[in-house]
Structure formats: structure tokens, C-alpha cells
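Me: Please take a close look at the second largest pocket in this model. Then work outward from there to the enclosed spaces and the charged contacts.

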Amino acid sequence: MSSSQPLDLRLPTPGCYADPERAGIDADAVFDGMTEHLFFTLGKLATTASLHDLYMALSYAVRDRLMTRYLASQEAIRARPQKTVAYLSAEFLIGPQLNSNLLNLGIQDEAEEALKRFGIESLADILEVEEEPGLGNGGLGRLAACYMESLATLQVPAIGYGIRYEFGIFNQIIRDGWQIEVTDKWLKGGWPWELPQPDESCFVGFGGKTQSYIDEKGKYRSRWIPSEHAIGVPHDVPVLGYRVNTCDRLRLWRADATESFDFYAFNIGDYYGAVEEKVGSETLSKVLYPNDGTDEGRRLRLKQQHFFVSCSLQDMLRSLEKRGIPIDQFANHWTVQLNDTHPAIAVAELMRLLLDNHHFDWEKAWDLTTRSVAYTNHTLLPEALEKWDLSLFSSLLPRHLELIYEINRRFLQQIRLRYPGNDLILRKLSIIDEEGCKAVRMAHLATIGAHHINGVAALHSDLIKRQLLPEFAELWPEKFKNITNGVTPRRWLALANPELTNLFDKEIGSNWITNMESLSKLENLENDSEFLEKFGTAKLTAKRKLANYIHRQTGVLVDPASLFDVQVKRIHQYKRQHLNALQVITQYLRIKNGKAHGMAPRTVIFGGKAAPGYFMAKLMIRFINGIAEMVNADPDMDGRLRVVFLPDYNVKLGEQVYPATDLSEQISTAGKEASGTGNMKFAMNGALTIGTLDGANIEIREKVGAENFFLFGKTESEIMELRNVGYFPKDFIQALPELAESLRLIELGHFSNGDGELFLPLLQSLTGEDPYFVMADFADYLRAQEAVGRAWANRQEWNRMSLLNSARSGFFSSDRSIREYCQSIWNVDSLPVEITCDVN
């Protein structure tokens with residue numbers, strides 16, 4: 001990625017980008033900005049302002065300072081057109097914005113000083129008020145957020161396109177041990193970071209029919225006549241880079257009805273009918289990931305995907321027209337990155353827009369599409385590789401299905417020429433799945449339409465080529481790349497862990513925050529006992545903060561001096577939270593049976609949400625809470641073992657958890673986790689990993705050193721071999737009496753108030769098919785946990801291992817990932833922006 005010369009933007013006053021009334025960044029300017037917004041924007045006096053009022057006023061004052069950079073960045077791309085990254089993602093788990101923007105502007109201290117003039121002693125009091133934006137759910141959305149922040153920090157022009165969900169996914173509360181889903185009303189108090197742009201709205205169609213006709217040049221054409229429409233209203237969210245002028249943006253689409261109110265229906269007494277269209281259209285942007293266990297849920301999910309993809313592509317084409325750039329230059333000005341299969345409809349929609357709206361011929365439209373689109377695969381799990389039933393697809397997107405049939409026909413013709421007479425490979429490669437209920441395979445569509453396909457960790461990328469898409473990889477080996485995921489050190493170290501950040505700054509300077517490889521200088525201190533003590537003190541400070549939070553939220557008292565053993569991630573069988581829970585039961589039994597001599601005192605912490613329709617995952621949460629209830633009430637466990645489930649795990653809570661963790665549980669079945677990013681955040685913050693050779697664990701182990709990583713479990717090839725020869729979980733259970741005793745205790749209802757039936761489905765899964773090989777890995781997992789206990793006994797040595805995890809984590813910065821995308825997939829340059837104001 002090359003770096004262009006800074007663009008000097010000189011504008012006359014008033015209204016200058018550097019207008020001192022709104023651009024000043026000292027404490028006086030921030031205070032004045034807050035005072036102004038309290039009075040003129042919020043209609044409040046400082047003497048009666050609540051904490052939320054002050055949060056809003058400070059946020060608006062900070063947003064004013066972002067606008068300087070936000071508008072200058074847009075003007076830069078107009079003045080010097082170059083390729084822009086369009087990052088299409090169904091979710092952006094961006095987390096709280098205030099502190100991130102303060103950090104990137106470099107005005108945290110100034111903001112705190114301004115707040116003191118309002119009687120607020122700590123910035124933390126205001127940060128606590130901020131709601132977490134309900135725009136994402138898990139690793140996919142958090143990765144997208146990290147990438148957008150790194151794009152801005154590296155001064156790369158980019159727009160993140162997604163949906164402005166009104167209610168996000170859900171808030172999780174735990175009641176009687178069970179997950180209860182509660183509506184996430186994250187917008188109820190207003191969100192100061194968005195800029196609605198209704199004049200740039202887009203129309204999106206659904207359903208209806210297609211018509212063929214001959215155009216004025218005598219060419220055969222099709223037109224789509226939708227039966228319903230929705231309006232996509234863009235809401236822009238500034239994304240500021242760290243200590244640079246570049247400010248990219250998220251453009252999130254809100255769905256509106258074309259006609260909000262039917263007066264005729266209202267006047268004849270049909271009050272629901274009067275607003276039916278409004279309710280139906282606006283449902284598109286209500287909730288992230290509607291339950292696809294029903295026909296209506298699947299229909300809504302496909303509509304959501306088409307809605308935001310169509311709006312986004314229309315927006316890109318319109319931007320070229322506004323700038324006087326010919327549409328046939330689309331691929332030179334936009335690189336369209338599909339973040340997993342959710343936006344894969346973009347291949348067909350871009351073809352439709354080019355063919356039907358801009359009247360390109362097929363070859364030119366296909367050339368522009370395939371030079372523009374790139375696809376990141378994030379999973380090997382079949383249920384996450386979306387397939388849409390043909391009847392649903394044809395009823396909702398008839399024109400797109402016509403185009404997919406034609407894309408498929410032309411593609412399969414190439415395959416017939418290459419593999420004559422091989423019907424098997426035709427069936428495997430076809431976009432249309434002909435087996436059983438016919439369906440559109442979105443991963444196939446994305447692979448055929450993209451110029452590059454990348455996995456997100458070395459093993460994952462290898463498995464894509466060997467197992468998921470082997471025929472495609474053989475056909476187009478040059479298309480397939482690996483770019484290992486990364487996370488932004490600004491949020492996950494500088495914001496989340498100020499104690500460790502200050503320690504690093506003092507020792508090696510502050511340049512590491514944008515040059516993470518320089519953390520390797522800390523390796524020189526691995527035998528410095530004074531520094532290791534400071535490192536341990538920083539960790540203990542973070543653990544005390546988390547211990548206080550745990551007590552406030554759950555009522556459980558935990559010892560900050562104990563080993564904090566943490567597994568926080570989406571609840572899923574392949575992530576194997578039940579494996580961790582089973583080893584907790586084994587530790588519990590060892591204590592009860594007097595066999596726990598030398599065992600390290602532990603606090604085992606779980607957190608994560610289960611999809612509302614995923615029964616087994618919700619039962620796993622109940623299982624963990626049943627264990628916690630029994631363990632925490634037993635006096636024999638005092639000072640030795642505590643179990644905590646943190647409700648409603650999110651980015652805000654993660655900022656407390658990652659710095660406080662001693663042991664990071666990355667225990668998915670080998671070959672199932674694409675990459676993971678939590679494993680990287682833990683390592684950056686000095687946690688040691690216990691894990692399998694899965695996803696990015698492999699690369700973490702390579703970077704931090706095998707001796708600083710607790711490895712266990714069967715490899716992906718060993719799992720495959722075991723599956724092929726025949727896997728019988730009961731053989732492993734019989735070979736390990738401790739495991740059999742733990743399972744028997746569950747069966748007797750020991751962790752369910754005597755109800756032996758409650759966890760029966762979980763037991764039947766583990767002792768029957770055991771699809772994720774929990775029983776096969778349990779003995780080795782227990783061995784690795786014993787090694788953890790021995791290592792913890794030598795605290796200075798543990799701190800040394802912990803330091804090396806941090807010092808060697810530079811590779812896992814999202815800055816490195818984005819540089820690789822820019823160089824090997826997007827072919828995009830940076831565009832530095834220099835803001836100057838001519839006041840004469």
C-alpha cells in the first residue's frame with residue numbers, strides 16, 4: 001500500500017474546516033462546546049443537567065471536532081478520485097464511541113478537565129452512561145468494526161455499508177439460570193454519532209415479475225416490475241483514524257415505507273391497514289438476524305440482505321455520476337468487499353443495475369462485477385453457508401434469479417469444456433443445489449463473481465481449498481488467499497487497559513499503538529524482575545475492577561488474586577463451553593474428594609449469548625449456571641473455586657474482561673473455528689492461552705512460542721481420521737473414571753436441584769454422537785489444565801510468559817490485516833488529508 005502526498009484543503013472562512021469555534025481541542029474549547037450543546041441542542045441548563053445530558057453534550061462537542069475531518073476526507077476523494085473500499089457487512093459491532101473518538105483525537109485529558117467544571121470528577125462516570133450500539137452480535141461484526149478503524153488510521157478511503165438496526169439482537173438477562181431475551185432499545189435515549197442523510201435515500205424493490213423487451217438498439221432486455229418497495233434512508237457514522245485527519249464513515253440504511261399512512265383505509269375504519277405498509281417496510285431494519293426457523297423469518301432475512309446491498313450499490317453508482325465519472329470506470333473507483341455470505345446477493349444486484357439501469361451488455365457488466373467484488377469466507381459450518389430455497393428466492397427476487405441462472409449457465413459451460421462428461425463436478429460447482437429442495441448456494445455465487453476469495457486464518461484458508469470449495473480452488477488457484485484476522489490495539493489495549501498502556505509507553509514510547517511490531521522491544525525485559533512486578537500489578541488492577549463489576553452484577557464475591565480463567569464468546573456447541581464446564585465439575589469433585597493438593601485457586605468466568613432458536617446452546621447456559629449455583633454455595637470451595645456467568649456480554653464488558661484475564665479458553669473443535677479474534681485480544685493483554693490447533697490459535701502459538709501456550713486436543717486431521725474409522729464417545733468415558741463420575745453427577749441432577757431430566761439432551765449428545773468430540777479431547781484438556789495450575793504456582797514465571805504473549809502479539813493488529821488486503825486484494829492506496837484554513 002503506497003502513500004500519496006497529503007491533500008491540502010484550503011477553504012475560506014466562515015464555515016472553514018478549521019473553524020476555531022468548533023474545532024478547538026483544548027479543555028476550554030471542549031467545555032464551551034458542551035455548554036453550547038446543553039443549551040441549544042438539548043435545551044438544558046448546566047445546573048440541572050443529568051449524567052446522560054452531559055454525555056450527550058460532550059458527544060456532540062466531540063462530533064463537532066470530527067466534522068472537520070469527516071467533511072475534509074469526503075472532499076479529498078472528490079478532489080483526487082481514487083479507489084475506495086466499500087465494506088459490506090450485515091453487522092458492525094462498533095462498541096461505545098465516545099472514548100474511542102476522544103482517544104483518536106487525543107483529548108481524553110481535556111474532556112476530563114472540561115467535565116470537572118460541571119462537577120464530574122471522572123470521565124468514567126460519563127462513559128458508563130453510554131449505550132452500546134445494537135449493530136452487531138459477535139466476531140464477524142467486531143472484526144468489521146476493527147477493520148473500519150484501521151482503514152481510517154491507515155488513511156485509506158472507505159465506507160462501511162450495513163443496516164441501522166433499531167433493536168439490535170437482544171439484551172440477555174439470566175433468570176433461574178436460563179437466558180431470557182429482552183429487546184435492546186439502544187436508541188431510546190438518542191444517538192449523537194449518526195448523521196441522517198434523507199436526501200440520499202434509495203428505492204429497493206421486492207417481488208413482482210419481470211418483462212422482456214427489445215430496446216431502441218434492437219437488443220433483448222429484461223425489466224423488473226416489483227410488487228412492493230422500501231426506501232433506504234442512509235445514516236452516516238464518522239469513523240476517525242488514530243491521530244490522523246482521515247475520517248471514514250459507516251453508511252447504515254434505515255428502512256422506510258414509500259407511503260407511511262393510507263388515509264382511505266383509516267377513514268373506512270381499517271386502522272391497522274392504514275399503517276400496514278409502514279410496519280411491513282420498517283421491519284427490514286428492526287432486528288439483527290431474525291430467527292430463520294420459520295418461513296417468514298427466512299423471508300425477512302433475505303429481504304434484509306437485498307435491502308442493504310441494493311442501497312449500497314446504488315449509492316456507489318450514484319457517487320460516480322455525481323462526480324462526473326463514467327459508470328464503466330466503476331471497478332477503478334470501488335472495491336466491494338463481501339464480509340461473509342450475507343451480502344453475496346451483491347453479485348446479482350450489481351449485474352442487474354448495470355444491465356437494466358445502465359444498459360451495459362453482459363460481457364462488460366460481468367467484467368466490471370468480477371473486477372470489483374471480493375469475498376471473505378468466515379466459516380466452514382454448513383448452516384452458516386447460506387442457501388435460499390428457490391421458491392422463496394423467485395417470489396422475492398425474480399429478476400435476480402434470472403440473472404443467477406444465466407451466470408450459472410455461462411459458468412457451467414466453461415466447466416463442461418474443461419471437464420467433458422463429468423456431471424458430478426457440474427453438480428458440485430453449480431450455483432443451484434439440485435439435491436433435495438432446490439436452493440441457491442450463496443457461497444458459490446460469491447466465489448464465481450469475486451476476483452479473490454480469502455479465509456481468515458492459515459488453517460481456515462487451507463480448509464476452504466481442501467474441504468469447502470476444493471473444485472473452485474483447483475479451477476482458480478490464483479483467486480484464493482489467506483489474510484489472518486486482526487484486532488485494533490486502540491480499543492483493545494489503549495482504551496481497555498490504560499494501566500498496561502501507560503507501562504508500555506514508559507518503557508518503549510507510545511509509537512507501538514500504530515506500529516504493534518515494536519512491542520517486541522518488551523522481550524528485552526522478560527527477565528527484569530522489577531518490570532515483571534509492574535506488569536503483574538497492572539494485571540491485578542484490571543482484575544480488581546472486574547471483581548467489583550462481578551459483585552455488582554451477580555452478587556458473587558471473587559478473589560482478584562485467584563487465577564481468572566475466562567471463556568467469553570458466542571455460545572455454540574463447536575466452541576465447547578460444555579467441555580470447560582465439565583472440567584470445572586472435575587475440579588469440584590477433586591476438592592470434594594480431598595484430591596486437590598496444590599490446585600491453583602480459580603475463578604472460572606463464562607460469558608456469551610445463545611441464538612434464541614438454538615436450544616442446545618441455551619441449555620449449555622443453564623448447565624453453566626447450575627454448576628455455578630452449586631459450586632458457589634459450597635463452603636468447601638471457598639478460596640479454591642468460583643464460577644461466574646456474566647450476563648449480556650458485549651464490547652463494553654469485553655473492555656473490562658480482556659485486561660483482567662489470566663487464562664484464555666480457546667477450546668473449539670479443531671477445524672471448526674475460522675479464526676477467532678477474542679484469542680488475539682486476550683494475548684495482547686497478556687493472557688496465556690489454553691487451546692486447540694484451530695483457527696488463529698495456530699498462528700498465536702507460533703508467534704508467542706509453544707512454551708507460552710497450553711496446547712491440547714486432537715488436530716483437524718486426527719478428528720477426520722477418528723470420524724472415518726468410527727468414533728465411540730463411551731470408549732473415552734470408560735477410560736477416564738473422573739469423566740464418568742462427572743457425567744454421573746449430572747445425570748443424578750446434582751447441578752439441577754435433583755432434576756435428572758433437565759440436562760438429559762446434553763448428556764445424550766455427549767455420550768451418543770458427540771458431534772464436536774468433547775469426550776475425545778477431555779483427558780488431554782484436563783492434562784493441560786493441570787499444567788496451567790503448575791505454571792500459576794510460580795508467579796514471576798507466569799508474568800514472564802504473560803509479558804511475552806503481549807510482546808509477540810503485534811502480528812495480530814488489524815492494521816497488518818488491512819495492509820495485506822490493500823496490497824494483495826483491493827489494490828488501494830492511502831489518501832492522507834491535510835487540513836488548512838486560509839483565514840486571510
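The reply below starts at the pocket and moves outward.

Reply: A caution comes before the details: this is a predicted model.

Start with the pocket itself. The second largest pocket holds about 530 Å³ of space. Its lining counts 29 residues. Nearest the centre lie Gln74, Ile77, Arg78, Ile159 and Arg249.

Which elements each supply at least two residues of this lining? They are helix H3 (51–79), strand S3 (158–163), strand S11 (247–256) and helix H10 (295–322). H3 gives the most, with seven residues. By class, the lining of this pocket has twelve nonpolar, seven polar and ten charged residues.

One central residue leads on to a charged network. Arg249 is among the residues nearest the centre of the pocket. Arg249 also belongs to a network of salt bridges. Its other members are Glu200, Asp236, Arg251, Asp315, Arg318 and Lys322. Side chains of opposite charge can pair when their charged atoms come close.

H3 has a neighbour in sequence worth a look. Leu45 sits in the loop between helix H2 (27–41) and H3. Together with Phe39 and Phe40, Leu45 makes a nonpolar surface patch of about 370 Å². Leu45 has a relative accessible area of 48%, so this residue counts as partly exposed.

Now the enclosed spaces. The whole structure has four cavities of 30 Å³ or more. The largest cavity holds about 210 Å³. Its lining is made of 21 residues. Gln97, Ser100, Ala145, Glu149 and Val239 lie nearest its centre. Four elements give two or more residues to this lining: helix H4 (98–105), helix H7 (139–153), strand S10 (228–240) and helix H20 (489–495). H7 gives the most, with five residues. The lining of the largest cavity divides into twelve nonpolar, five polar and four charged residues.

The second largest cavity holds about 70 Å³. It is lined by Ala90, Ile163, Tyr165, Tyr289, Pro290, Arg301, Gln304, Gln305, Phe308 and His342. H10 provides the largest share of this lining, four residues. H10 is also among the elements that each supply at least two residues to the second largest pocket. By class, the lining of the second largest cavity has six nonpolar, three polar and one charged residues.

Next, the salt bridges. The structure holds 53 of them. In one, the side chains of Glu655 and Arg491 meet at 2.5 Å, N to O. Glu655 lies in helix H25 (residues 651–660) and Arg491 in helix H20, so this pair ties together parts 164 residues apart in sequence. Both Glu655 and Arg491 are buried. H20 has appeared before, as one of the elements that give two or more residues to the lining of the largest cavity.

A second salt bridge joins the side chains of Arg590 and Glu786, at 2.9 Å, N to O. Arg590 belongs to helix H23 (residues 577–592) and Glu786 to helix H32 (residues 774–793), so the contact ties together parts that are 196 residues apart in sequence. What is the exposure of each partner? Arg590 is buried, with a relative accessible area of 12%. Glu786 is partly exposed, at 33% relative accessibility.

A third example pairs Arg808 with Glu707. Their closest N and O atoms are 4.0 Å apart. This salt bridge links distant parts of the chain, 101 residues apart. Arg808 lies in the loop between helix H33 (795–807) and helix H34 (814–826). Glu707 lies in the loop between helix H27 (697–704) and strand S24 (709–711). Glu707 has a relative accessible area of 54%, above the 50% cut-off, and is therefore exposed.

One backbone contact remains. Glu112 lies in helix H5 (residues 108–116). With a relative accessible area of 25%, Glu112 is partly exposed. The C-alpha atoms of Glu112 and Leu123 are separated by 5.2 Å. These two residues are eleven residues apart along the chain.

To return to the pocket: H3 gives the most residues to its lining, and Arg249, one of the residues nearest its centre, is part of the salt-bridge network.

Conventions: Residues are numbered from 1 along each chain as its sequence is written. This is a predicted model: local features need pLDDT of at least 70, side-chain atom pairs count only at pLDDT 80 or more; totals for chains, interfaces and linings use all residues. Side-chain values use heavy atoms; hydrogens and water are left out. On a 1 Å grid over the protein atoms alone, a cavity is a set of points where a 1.4 Å probe fits but cannot get out, and a pocket is an open set with protein on both sides within 12 Å along at least five of seven lines; lining residues have an atom within 4 Å of a point. Grid points are joined across faces, edges and corners, and a volume is the space filled by probe spheres set on the points. Ala, Val, Leu, Ile, Met, Phe, Trp, Tyr, Cys and Pro count as nonpolar, Asp, Glu, Lys and Arg as charged, and the others, Gly among them, as polar. Patches are made of residues with over 30% relative accessible area and no salt bridge: like charges are joined within 9 Å, nonpolar side chains (Val, Leu, Ile, Met, Phe, Trp, Tyr) within 5 Å. Accessible areas come from the Shrake-Rupley method with a 1.4 Å probe; for residues, only the protein chains shown count as cover. Buried means under 20% relative accessible area, exposed over 50%, partly exposed in between (1.4 Å probe, protein chains only).
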